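Visitor: Could you take me for a close look at one part of this model, the place where its central question of packing can be followed residue by residue? I would like the numbers along with the picture.

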Amino acid sequence: MHGYPGFAARRVGQAVVVVLLAYVATFVVISVLPGDPVTNTLRNPENGFTEDEIARIVGYYGLDQPVLVQLWESLSRFVTGDLGVSLRSNRPVAESIAEVLPSTLVLAAGALAVSVALAAAVALGTQVLPRAAQGVLRSLPSLFLSVPNFVIGLVLIHVFALELGLFRIIEPDSGWATAFAAVALGIPVSAQLAEVLVSGLDHESRQEYAAVARSRGLGRGRLLLRHLLRPSSLPVVTVLALTVGELLGGALITETIFGRAGIGSLVESSVTTQDLPVLQAVVSLAAVVFVLVNLVADLVYPLLDPRVRTPRPVTVPREELSAA
């Protein structure tokens, strides 16, 4: 594809800039929060830090230096992959995140699968079911979007854990508990996917090629699967990338509702203890994931849709220039 390497290079450069700006913004916001982490955390007798340990941590983070110096040192460590040391446990932040990250990834992946399957079922149903059923299905995305995931989670816990006993609240990492947590997180996310896919299918079904296929006797199901579904699914790639942020944010709430030990519980404890390095690392990594997923979507979309072309420089014929 003409111009694709340059297009990809620009997108990668923009992604790097966005990640760095997100890290700087996070540092600035956390720096202006009320409270002194040295007094509140390091010198808290309950944490048991010695004066030597306090001096080492203060020197490591430059907490006795101006804010700009702290920002430069923190950004330099982040670029090299060093996420710092927890002010609460005196452990590397990367270790704390690595312990809980798999649980959050499993939940987010399950929720993504639920949202895609539910959105596909709703969108396809609007094309093949009777008109009365189509009306009901078209109203579902608005309903899904209006109900918070913590409400869905509480309802699922009450019905399937307390009433039916399919899973136990004290075992949040069991298969059934993980599945219902993924459903609670995936239902609101599916609303945007379903709306985009329904709109795409409606648009494609009104095109001339669809009318020609119907006139040749092609059935509704075959027309949908062979001709309408692929072009209608392309915008879903972009929406999927945008929903990553919603999945990450919703996972924090869902983990709290279901009592799962994940990034959500780590953030909650870090806020309570004012463990700023952990908070900054989690927010920064979330920004990195969001930017990377959207970067992949930007790079893949032109390859999936041959009608999409990277922008080319506008050239003016010499005749027009001489006439001007």
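Guide: Happy to! One cut-off helps before we begin: a residue counts as buried when its relative accessible area is under 20%, and as exposed when that value is over 50%, with partly exposed in between. Keep in mind throughout that this is a predicted model.

A little background on the whole chain will set the scene. The protein chain has 13 helices and zero strands. Of its 324 residues, 39% are buried. Its accessible surface comes to about 17,900 Å², and carbon and sulfur atoms account for 66% of that area. Sequence separation is worth a glance too: take the contacts between residues at least 6 apart in sequence, and 74% of them join residues at least 24 apart.

The part I would pick is helix α8, which spans residues 175-205, together with what packs around it. Let us come at it from Thr126, a residue in helix α5 (residues 93-128). Thr126 has a relative accessible area of 2%, so it is buried. Setting aside residues up to four places away in sequence, Thr126 touches Gln134, Leu137, Arg138 and Val198. The last of these takes us to α8, as Val198 lies within residues 175-205. Thr126 and Val198 are 72 residues apart in sequence, yet their C-alpha atoms are 7.3 Å apart in space.

Now for the helices that pack on α8. A pair of packed helices is described by the angle between the two axes and by the distance between them. Start with helix α7, residues 149-163, whose axis is 9 Å from that of α8, at an angle of about 145°. The crossing of α7 past α8 is right-handed. On the α7 side the contact uses Asn149, Ile152, Gly153, Leu156 and Phe160, and on the α8 side Phe180, Val183, Ala184, Leu185, Ile187 and Pro188. By class, the residues of this contact are nine nonpolar, two polar and no charged.

Leu162 also belongs to α7, but it is absent from that list of contact residues. With a relative accessible area of 54%, Leu162 is exposed, because the cut-off for that class is over 50%. Beyond its neighbours within four places in sequence, Leu162 is in contact with Ile157 and Ile169.

The next partner of α8 is helix α10, which covers residues 220-258. Here the axes are 7 Å apart and the packing angle is about 150°. That angle makes α8 roughly antiparallel to α10. Once again the crossing is right-handed as α8 passes α10. The residues in this contact divide into 22 nonpolar, eight polar and two charged.

Two residues of α10 let us zoom in. The first I would choose is Leu228, which is found in α10 and, with a relative accessible area of 3%, is buried. Leaving out its neighbours within four places in sequence, Leu228 is in contact with Leu201, Glu204, Ser205, Tyr209, Ala210 and Leu223. The C-alpha atoms of Leu228 and Glu204 are separated by 5.9 Å, with their positions 24 residues apart along the chain.

My other choice is Pro235, likewise found in α10. Pro235 is partly exposed, at a relative accessible area of 32%. Apart from neighbours within four places in sequence, its contacts are Val196 and Tyr301. Pro235 and Ser199 are 36 residues apart along the chain, and 10.0 Å separates their C-alpha atoms.

Leu228 also brings in one more helix. Tyr209 and Ala210, both in contact with Leu228, are part of the contact that helix α9 makes with α10. The axes of α9 (residues 208-215) and α10 come within 11 Å and cross at roughly 175°. These two helices are therefore roughly antiparallel to each other. From α9 the contact takes Tyr209, Ala210, Ala213 and Arg214, while α10 supplies Leu223, His227, Leu228 and Pro231. Sorted by class, that gives six nonpolar, one polar and one charged.

To recap the route: Thr126 touches Val198, α7 and α10 each pack against α8, and Leu228 is one of the residues where α10 meets α9.

Definitions and conventions
Residues numbered from 1 in each chain as written. Predicted model: local features only at pLDDT ≥ 70, side-chain atom pairs only at ≥ 80, totals over all residues. Heavy atoms only, no water. Axes fitted to C-alpha atoms, helices over the stretch in contact; angles between N-to-C directions. Helix = DSSP H or I, 4+ residues; strand = E, 2+ residues; numbered from the N terminus. Left-handed = near helix turned anticlockwise from the far one by under 90°. Contact = heavy atoms within 4.5 Å. Nonpolar A, V, L, I, M, F, W, Y, C, P; charged D, E, K, R; others polar. Buried < 20%, exposed > 50% of the residue type's maximum accessible area, 1.4 Å probe, protein only. Parallel < 35°, antiparallel > 145°, perpendicular 65-115°, else oblique. Areas by Shrake-Rupley, 256 points an atom, 1.4 Å probe, with all protein chains shown as cover.
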